Amino acid sequence: HYLALYYPQSENFHIYQLITHMFMHGNFGHLFFNMFALWMFGRVLESVWGPRRFLIFYFVTGLGAAALHTFVNYLEISPIVREVAAFSNTPSPELFSNFVNHHQGMIKSLGFSLPGILDIASSWLENPTSTSFEPEAVSFMNQLVNIKISIPTVGASGAVYGVLLGFGMLFPNTQLMLLFPPIPIKAKYMVMAYGALELILAFSMPGSNIAHFAHLGGMIFGFFLIKYWNKTTTTFY
């Protein structure tokens, strides 16, 4: 509640969460696989760059992941907030019905009973002069926004994906043996595959509980930081 990263408009948000959320995890499996990947790839980068530069890279990619994740949340939440404000100013059954139909996926993902909400919208459309539906509709929409902006984010995955990207850029032709499927693959191809998969999942599963854009943010910021270092220094130490 205190250390996870919340959306800036949430009453639970604190600026220090940009750092602390990277050290929090949802369960043991989440923690184990993140730390295993960090140990496997991070120790190699640290041996090349040294502890100081690796630490800078880790935090830049982690903060970059949080920045992209928050920006994507802003793009998703802002239109909803505007719709709710417009409805509150001039409530009507048509506006409420359009809102519910347009956001069915989000309503279900946040735990609301979609059939129940659809029934309210349908009943109000059938009785547009009734005033009994308006308070219920306003309450529901405000609850929806409050829940949406109060979803916490935890995990080192964004920074870990940045570390994976860094390994792939520094050691592109290193052969890695996958567990599933058990075949050898060059690091550069594995990084490309992970990046492509995260991009596909980010757009195809926007309501999932995995922050795919945070993973992409870690990789993007890692890519540009390494490119910057390559231009400004002849050594990584």
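This report covers model confidence, the residue H25 and the helix α9.

## Model and confidence

This is a predicted model: local features need pLDDT of at least 70, side-chain atom pairs count only at pLDDT 80 or more, and totals for chains, interfaces and linings use all residues. Residues are numbered from 1 along each chain as its sequence is written, and side-chain values use heavy atoms, without hydrogens and water.

The protein averages a pLDDT (the predictor's confidence in each residue, from 0 to 100) of 91. A score of at least 70 is reached by 97% of the residues. Among the elements, helix α1 (residues 17–20) has the highest mean, 97, and strand β1 (residues 175–177) the lowest, 85. Helices (H or I, at least four residues) and strands (E, at least two) are DSSP runs, numbered from the N terminus.

## H25

H25 is found in the loop between α1 and α2 (28–49). H25 counts as buried because its relative accessibility is 19%. Buried means under 20% relative accessible area, exposed over 50%, partly exposed in between (1.4 Å probe, protein chains only).

The side chains of H25 and N34 share a polar contact of 3.1 Å. Such a contact is a pair of N or O atoms within 3.5 Å; within protein, one must be able to donate a hydrogen and the other to accept it, and residues adjacent in sequence count only if both atoms are side-chain atoms. The H25 side chain also reaches the backbone nitrogen of A156 at 3.3 Å.

## Helix α9

In α9, the buried residues are A187, M190, V191, G195, E198 and A202. They cover an arc of only 135 degrees around the axis, so they lie on the same side of α9. That arc uses the directions from the helix axis to the C-beta atoms. Exposed M192, I200 and F203 sit on the face turned away from the buried side.
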